[in-house]
Every structure is written in structure tokens, then in C-alpha cells.
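This report describes the fold of a single chain, going from its overall make-up to its sheets, its core and one residue in a loop. The sequence and structure come first.

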Amino acid sequence: MYKLIQPKFDLNINGMKFLGRGPKASGRGMGWSRNEDIIYKCVNCGSEMLASHNDYWNCECGAIHLDFDAGRFGSKYGDENILVYKKNVQTENNLNLGNKRKSFLNKKNEKIFKTKN
Ligand SMILES: [Zn+2]
């Protein structure tokens, strides 16, 4: 058995619901869910990966590795040291905020004619 590592960060993250540790918490029995609403987080370094990630991936401390071609995902500290989160509606709203910002470039070009030469 692997030892459970206690995170140095707050387990509660804005806009996400903490589901638990390991693949069972992701809701797909013995495997890791690849649902786009699910996020995996390294308990050691706090790196986050979307469950729907489509490539090789390593967390910052190197514990978690996704071998995409082999379809294998896990942490060298054991599956229970991967935290499972689910995005909620609030997260989506926050992501859309950036689109509402107006570009300042439009203002800059107001009332200016280009020179002929
Ligand atoms: Zn890590």
C-alpha cells in the first residue's frame, strides 16, 4: 500500500467539486474517467490535467504520467494520490468572462485618417 500524501494546498478549489482520490472517485469503476468534466490533480505538486487530455502528460513534480498511446495513467505515489475533481457550471462562466472584454484597439483608431503619401 502507498501512503496517502496530504496536499499543501486547500482541497477546495473555486468552481470545482472535490470527488475523492483515485480512479473510483472518477466514476468509471476500476479505470480513470476520460470525461471532459473531470480534472485530475497531483496531490504532491498541484498540477492539473483534464481527463479528456489527448496527449502525453507529466505533472510538474514528475509523479503523474499519462502514457497516451498505451492508455495508461497513474502516479508513482499510487492512484490514491491523484485527486479527482469535477468542473461545475461556475467554471464555465468564469472561462467565458474574457470574451466580454472589449478591445482597446478600436478606440485607438477612431477619428484618424491615414496620410495620402
Ligand atoms: Zn506532481
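A residue is called buried here if 20 or more other C-beta atoms lie within 10 Å of its own. By that criterion, strand E6 has side chains that alternate: Phe 73 and Ser 75 point to one face and are buried, while Arg 72 and Gly 74 point to the other and are not. The model is predicted.

## Overall make-up and confidence

The chain has seven strands and two helices. In sequence order the pattern is β-β-β-β-β-β-β-α-α. Of the 117 residues in the chain, 21% are buried. Among the contacts with a separation of 6 or more, 51% are between residues 24 or more positions apart.

The average pLDDT of the chain is 82, and 74% of the residues score at least 70. Residues 98–110 have a pLDDT below 50, and in the model this stretch makes zero contacts beyond near neighbours in sequence. Where pLDDT is low, the predicted coordinates should not be read in detail.

## The three-strand sheet

Strands E4, E5 and E6 form an open sheet in the order E4-E5-E6, with antiparallel pairing. E4 and E6 are the edge strands, each of which pairs on one side only.

E4 covers residues 57–58 and is joined to E5 by two bridges in the antiparallel sense. Asn 58 is opposite His 65 of E5. The two strands make a hairpin with five residues between them, and Gly 62 in its turn has a positive phi of about 85°.

E5 and E6, the latter spanning residues 72–75, pair in the antiparallel sense over four bridges. Within this pair, Asp 67 is opposite Arg 72, and His 65 is opposite Gly 74. The hairpin of E5 and E6 has four residues between the strands, and Gly 71 has a positive phi near 70°.

Which side chains of E5 are buried? Along this strand, residues 64–67, Ile 64 and Leu 66 point to one face and are buried, whereas His 65 and Asp 67 point to the other and are not. The alternation recurs in E6, where Phe 73 and Ser 75 are the buried residues and Arg 72 and Gly 74 are not buried. Two of the opposite pairs therefore join residues that are not buried by the cut-off of 20 C-beta atoms within 10 Å: Asp 67 with Arg 72, and His 65 with Gly 74.

## The four-strand sheet

A second open sheet has four strands in the order E1-E7-E2-E3, also with antiparallel pairing. E1 and E3 (48–50) are at the edges with a single partner strand each, so one side of each has no neighbour in the sheet. From one strand to the next, the twist averages 30°.

Inside this sheet, E2 and E7 run antiparallel and are joined by five bridges. Tyr 40 has Val 84 in E7 as its bridge partner.

## The nonpolar core

The largest nonpolar core contains 18 residues, and those with the most contacts inside it are Ile 39, Cys 42, Ile 82 and Val 84. E2, E5 and E7 (82–87) are the elements that give two or more residues to this core.

Apart from residues up to four places away in sequence, Ile 39 touches Met 16, Glu 48, Met 49, Leu 50, Ala 51, Tyr 85 and Lys 87.

## Trp 32 in its loop

Trp 32 lies in the loop between E1 (16–21) and E2 (38–42). Is this residue buried or exposed? Trp 32 counts as buried because it has 24 C-beta neighbours inside 10 Å.

Beyond its neighbours within four places in sequence, Trp 32 is in contact with Pro 23, Ser 26, Ala 51 and Phe 73. Of these, Phe 73 is one of the buried residues of E6, and Ala 51 is also among the residues touched by Ile 39. Gly 71, from the hairpin of E5 and E6, is 39 residues from Trp 32 in sequence and 10.0 Å from it in space, C-alpha to C-alpha.

Conventions. Residues are numbered from 1 along each chain as its sequence is written. This is a predicted model: local features need pLDDT of at least 70, side-chain atom pairs count only at pLDDT 80 or more; totals for chains, interfaces and linings use all residues. A residue is buried if 20 or more other C-beta atoms lie within 10 Å of its own, exposed if 12 or fewer, and partly exposed in between; C-beta atoms are placed from the backbone. Two strands pair if DSSP finds at least two bridges between them. Two residues are in contact if their C-beta atoms, placed from the backbone, lie within 7 Å. A nonpolar core is a set of buried Ala, Val, Leu, Ile, Met, Phe, Trp, Tyr and Cys residues joined through C-beta atoms within 7 Å. pLDDT is the predictor's confidence in each residue, from 0 to 100. Axes are lines fitted to C-alpha atoms, for helices over the stretch in contact, and angles run from 0 to 180 degrees between N-to-C directions.
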